[in-house]
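Student: I would like to go through this model step by step. Please show it first.

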Amino acid sequence: MIRITKRLALLSFLLIPWLVTPRVSDSWAICAAAYENILVDQFSVMLQQKDFVLINVHTPYQGEIPQTDLLIPYNKIESRQNELPADKHAKIVVYCLTGPMGYAAAQTLSELGYTRVIHFNGGMQAWAEQGNRLLHRGK
């Protein structure tokens with residue numbers, strides 16, 4: 001009985017995060033509550049012809065990817081809406097250190113009515129692991 005309980009606990013531990021993690025879609029979702037997830041290779045290509053607002057949502061500050069436009073902590077998106085594009089159809093890419101804060105920020109932006117939100121999954125860590133540099137603002 002204990003063996004079965006341990007197996008069920010392990011299975012639920014592995015399965016629940018998979019169930020709640022947003023999935024990558026092939027096209028823009030029509031509904032305002034959706035956002036796109038991209039990986040480092042896609043992000044690198046997009047950055048070469050940057051046509052989006054790039055927001056670092058990680059807190060506390062641990063550096064940033066070159067060409068970052070805004071530093072807004074993921075949990076301050078709503079209270080700092082005045083810094084966001086007025087156009088709700090503007091393309092916005094959010095990232096953090098590894099992903100979780102970026103997911104939260106992307107969800108919040110979608111809930112605020114932004115229709116072209118992209119989450120760079122892997123964030124600064126994935127960027128640096130590809131041999132790219134991070135910037136660090138002086139204090």
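Student: Are Phe 43 and Trp 127 buried or exposed?

Tutor: This is a predicted model, in which local features need pLDDT of at least 70, side-chain atom pairs count only at pLDDT 80 or more, and totals for chains, interfaces and linings use all residues. Residues are numbered from 1 along each chain as its sequence is written, and side-chain values use heavy atoms, with hydrogens and water left out. Buried means under 20% relative accessible area, exposed means over 50%, and partly exposed is in between, with a 1.4 Å probe and protein chains only. By that rule, both Phe 43 and Trp 127 are buried.

Student: Why is the pair of Phe 43 and Trp 127 called edge-to-face?

Tutor: Rings of Phe, Tyr and Trp (its six-membered ring) pair if their centres lie within 6.5 Å; planes under 30 degrees apart count as stacked, over 60 as edge-to-face and the rest as tilted. The centres of Phe 43 and Trp 127 are 5.5 Å apart and the planes stand at 80°, so the pair is edge-to-face.

Student: Which parts of the chain does the pair of Phe 43 and Trp 127 link?

Tutor: Helices (H or I, at least four residues) and strands (E, at least two) are DSSP runs, numbered from the N terminus. The two residues are 84 apart, so named parts help: Phe 43 is in helix H2 and Trp 127 is in helix H4 (residues 123-129).

Student: How is the aromatic pair of Phe 43 and Phe 120 arranged?

Tutor: Phe 120 belongs to strand E5, 77 residues away from Phe 43. Both Phe 43 and Phe 120 are buried. Their rings lie 4.3 Å centre to centre with 10° between the planes, and the pair is stacked.

Student: Which residues do ring pairs link into a cluster?

Tutor: The structure holds three aromatic pairs. Ring pairs join these residues into a cluster: Phe 43, Phe 52, Phe 120 and Trp 127.

Student: In what order do the five strands form the open sheet?

Tutor: Two strands pair if DSSP finds at least two bridges between them. Strands E4 (residues 91-95) and E5 (residues 116-120) pair in the parallel sense over four bridges, with Val 94 and His 119 as bridge partners. The edge strands, each paired on one side only, are E1 (36-38) and E3 (70-71). The pairing is parallel and the order is E1-E5-E4-E2-E3.

Student: Which element gives the most to the largest nonpolar core?

Tutor: A nonpolar core is a set of buried Ala, Val, Leu, Ile, Met, Phe, Trp, Tyr and Cys residues joined through side-chain atoms within 4.5 Å. The largest has 19 residues, and Ile 55, Val 57, Ile 77, Val 94 and Leu 109 touch the most other members. Strand E2 (53-56), E4 and H3 each give two or more residues. The one that gives the most, with five residues, is H3.

Student: Which residues does Asn 121 touch, not counting those up to four places away in sequence?

Tutor: Asn 121 is in the loop between E5 and H4, and counts as partly exposed because its relative accessibility is 23%. Its C-alpha lies 6.8 Å from that of Thr 98, 23 residues apart in sequence. Contact means heavy atoms within 4.5 Å, and the residues touched are Ile 38, Leu 39, Thr 98, Gly 99 and Tyr 103.
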